[in-house]
Amino acid sequence: MSETDRNPTHPTHPTDVSVLGLGAMGSALASALLDAGRSVTVWNRTPGRATDLVGRGADAAHSAQEAVLASPVIIACLLKRSSVEETLDPVAGELRGRTLVNVTTTTPNESRELAAWAAEHGIDYLDGAIMAVPSMIGSRSGQIFYSGSRAAYEALLPMLEVWATSEFHGEDAGRASLVDLAMLSGMYQMFTGFFHGAAMVAAMGMSASEFATRQAPFLAAMTEELGSYAKVIDGGDYTVASQQSLDFSDLTHIVRASEEEGVDPAPIAGVQALISGQIAAGHGAEGFARLYESLANR
Ligand code: FVH
């Protein structure tokens with residue numbers, strides 16, 4: 001008996017791939033697949049979000065079960081881990097023997113747990129972490145990291161490359177998420193640093209836009225230093241000459257300047273706390289990159 005016979009709700013047209021979740025990102029992923037000539041089934045918890053995609057040739061499933069049964073490859077692009085569980089737990093049986101690519105943002109351990117759940121149910125699991133906004137999907141400027149089933153990654157690569165540049169990080173399903181969240185950690189702290197600086201100069205009447213015209217090229221130039229810091233961290237020798245020392249890097253004057261302007265110094269005070277900790281531990285003469293040692297899990 002075919003799947004269609006067993007499931008009267010099964011769409012009449014089997015498709016290449018089903019996309020569960022038609023938020024901003026899920027819609028962009030489905031749209032890029034259609035652009036690339038793939039046949040696509042789409043499903044969203046709240047009806048009404050599939051109209052444009054159906055107009056462009058997608059099949060709309062009435063349930064997650066119907067969407068899963070329509071294709072051998074299922075893309076889950078939902079809000080968070082609990083949304084994935086709520087959607088996929090009830091259809092675990094239907095997912096058996098299929099490939100699940102979960103590009104919902106999850107922590108590394110959440111990804112590992114979902115991979116273990118998938119393995120229990122005979123589902124080939126590939127975890128994806130998207131380093132792009134929806135408008136970047138379908139171009140090479142976005143990046144998507146993957147980890148989990150290597151076989152799934154290799155088999156699906158031509159389809160994955162439709163979305164963005166793909167990078168496989170290994171069979172531990174948590175690794176793609178870890179790289180993604182580490183990258184985002186750097187980005188959010190950079191933006192917060194900008195917000196803090198903008199709040200400081202606001203006290204003298206400079207607009208955030210005016211400040212941004214100065215801050216952006218400065219930060220861009222400073223990112224050139226990342227490679228040098230990385231070499232020191234990887235070498236593990238913070239005494240190497242030519243590094244800016246921690247004593248020299250004391251930032252209490254920036255904390256005070258912030259306070260003088262009535263601006264919460266929390267972002268820069270956090271950095272200063274790390275510096276003070278390393279100086280107190282006797283490393284004041286060593287390089288600024290030694291802050292890494294305050295953060296790393298040794
Ligand atoms: N948009 C972006 O720029 C970022 C880029 C980096 C990666 N993220 C992650 O992608 C996941 C989806 O993000 P999104 O932008 O599509 O998010 P929304 O537009 O808010 O859509 C959320 C969809 O999830 C559905 N949903 C939520 N909860 C449930 C649930 N319990 N059961 C089933 N579906 C659920 C929601 O459906 P509905 O509210 O319309 O019924 C949307 O389809 C996300 O992990 C980002 O971190 C995007």
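**Around the ligand, and one ring pair**

Of the 22 residues around the ligand, those that come nearest are Met-25, Asn-44, Thr-46, Arg-49 and Thr-105; a residue counts as near if one of its heavy atoms lies within 4 Å. Bear in mind that this is a predicted model, where local features need pLDDT of at least 70, side-chain atom pairs count only at pLDDT 80 or more, and totals for chains, interfaces and linings use all residues. Residues are numbered from 1 along each chain as its sequence is written, and side-chain values use heavy atoms, with hydrogens and water left out.

**The shell**
- The shell around the ligand splits into 10 nonpolar, 9 polar and 3 charged residues; Ala, Val, Leu, Ile, Met, Phe, Trp, Tyr, Cys and Pro count as nonpolar, Asp, Glu, Lys and Arg as charged, and the others, Gly among them, as polar.
- At least two shell residues come from each of helix H2 (24-35) and helix H5 (81-88); helices are DSSP runs (H or I, at least four residues), numbered from the N terminus.

**Polar contacts** (pairs of N or O atoms within 3.5 Å)
- Arg-49 has a side-chain N or O atom 2.7 Å from an oxygen atom of the ligand.
- At Gly-23, a polar backbone atom is 3.2 Å from a ligand oxygen atom.
- Thr-87 puts a polar side-chain atom 3.4 Å from a nitrogen atom of the ligand.

**Aromatic pairs**
- There are 5 aromatic pairs in the structure, meaning rings of Phe, Tyr and Trp (its six-membered ring) with centres within 6.5 Å.
- Phe-194 and Phe-211 make a stacked one, 5.7 Å centre to centre with 10° between the planes; stacked is for planes under 30 degrees apart.
- Phe-194 sits in helix H9 (residues 175-202) and Phe-211 in helix H10 (residues 208-222), so this pair ties together parts 17 residues apart in sequence.

Key. Polar contact = N/O pair within 3.5 Å; in protein donor to acceptor, adjacent residues only side chain to side chain. Phe/Tyr/Trp six-rings, centres within 6.5 Å; stacked < 30°, edge-to-face > 60°.
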